[in-house]
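Student: Hi! I have a new structure open and would like to talk it through. Could you help me find my way around?

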Amino acid sequence: MFTDEVRLERLRADHAAALLAFERANRAYFARYISDRGDAFFADFAAVLDARLAEQDAGVCHFHVVVDDRGELIGRVNLVDVQEGSADLGYRIGERWAGRGVATEAVAQVCRLAAGAYGLSELIASTAVGNTGSRTVLERNGFTLVGDEVVAGKPGVRYRRPLERVEAAGPAD
């Protein structure tokens with residue numbers, strides 16, 4: 001289990017090469033659970049990253065990479081569509097690190113950031129009904145089931161977690 005060695009870093013331009021390599025290496029794995037990003041994402045990755053960084057600079061999203069104790073990029077945790085104290089949570093942990101508590105710890109860290117550094121009051125997350133790993137991560141982090149929805153064309157569920165305002169340091173840069 002890597003939980004003591006996992007940290008979040010706010011997405012930066014210098015993460016580009018490692019992030020693209022991570023997404024390529026895990027593309028087939030992720031496609032088993034969520035919609036594939038499509039070839040354009042990979043072909044136009046520099047433009048995609050620039051757009052994400054602009055969204056982050058505007059304060060409408062907070063993107064993070066998950067790194068291990070050696071500095072290897074092993075996942076992502078994102079807060080998107082920030083408005084009125086709420087944001088949607090999304091995360092991807094690479095296949096090699098699945099089942100080791102990495103997602104649970106990374107989501108816990110982003111929940112603390114959301115309540116502290118970002119001043120949010122609630123997070124919303126969705127997952128496919130059959131993605132028991134993701135559902136477990138959310139439930140271990142205090143998310144409660146609030147309803148059904150469609151996720152990537154499949155039956156899904158929606159979770160919510162209220163956040164209490166806390167003082168917290170920002171993500172590592």
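Student: Let's start with two rings: are phenylalanine 22 and phenylalanine 30 buried or exposed?
Tutor: Both phenylalanine 22 and phenylalanine 30 are buried. Buried means under 20% relative accessible area, exposed over 50% and partly exposed in between, with a 1.4 Å probe and protein chains only. Keep in mind that this is a predicted model, where local features need pLDDT of at least 70 and side-chain atom pairs count only at pLDDT 80 or more, while totals for chains, interfaces and linings use all residues. Residues are numbered from 1 along each chain as its sequence is written, and side-chain values use heavy atoms, leaving out hydrogens and water.

Student: Okay, and how many aromatic pairs are there?
Tutor: The count comes to 3 aromatic pairs. Rings of Phe, Tyr and Trp (its six-membered ring) pair if their centres lie within 6.5 Å; planes under 30 degrees apart are stacked, over 60 edge-to-face, and the rest tilted. The planes of phenylalanine 22 and phenylalanine 30 make 55 degrees, with ring centres 5.7 Å apart, so that pair is tilted.

Student: Which residues do ring pairs link into a cluster?
Tutor: Phe22, Tyr29 and Phe30.

Student: What about phenylalanine 41 and phenylalanine 45?
Tutor: They form an edge-to-face pair, 5.5 Å centre to centre with 75 degrees between the planes. Both phenylalanine 41 and phenylalanine 45 are buried.

Student: New topic: in what order do the strands of the sheet come?
Tutor: There are 7 strands in an open sheet, ordered β1-β2-β3-β4-β5-β7-β6, with mixed pairing. Strands are DSSP runs (E, at least two residues), as are helices (H or I, at least four), numbered from the N terminus. Two strands pair if DSSP finds at least two bridges between them.

Student: Which strands stand at the edges?
Tutor: β1 (7–10) and β6 (144–151) do; each has a single partner strand, so one side of each is left without a neighbour in the sheet.

Student: And how many bridges join β3 to β4?
Tutor: 7 bridges join them, and the two strands run antiparallel. For instance, valine 77 has tyrosine 91 in β4 as its bridge partner.

Student: Last one: what is in the largest nonpolar core?
Tutor: That core has 30 residues, and Val66, Leu79, Leu89, Leu120, Leu123 and Phe143 have the most contacts inside it. A nonpolar core is a set of buried Ala, Val, Leu, Ile, Met, Phe, Trp, Tyr and Cys residues joined through side-chain atoms within 4.5 Å.
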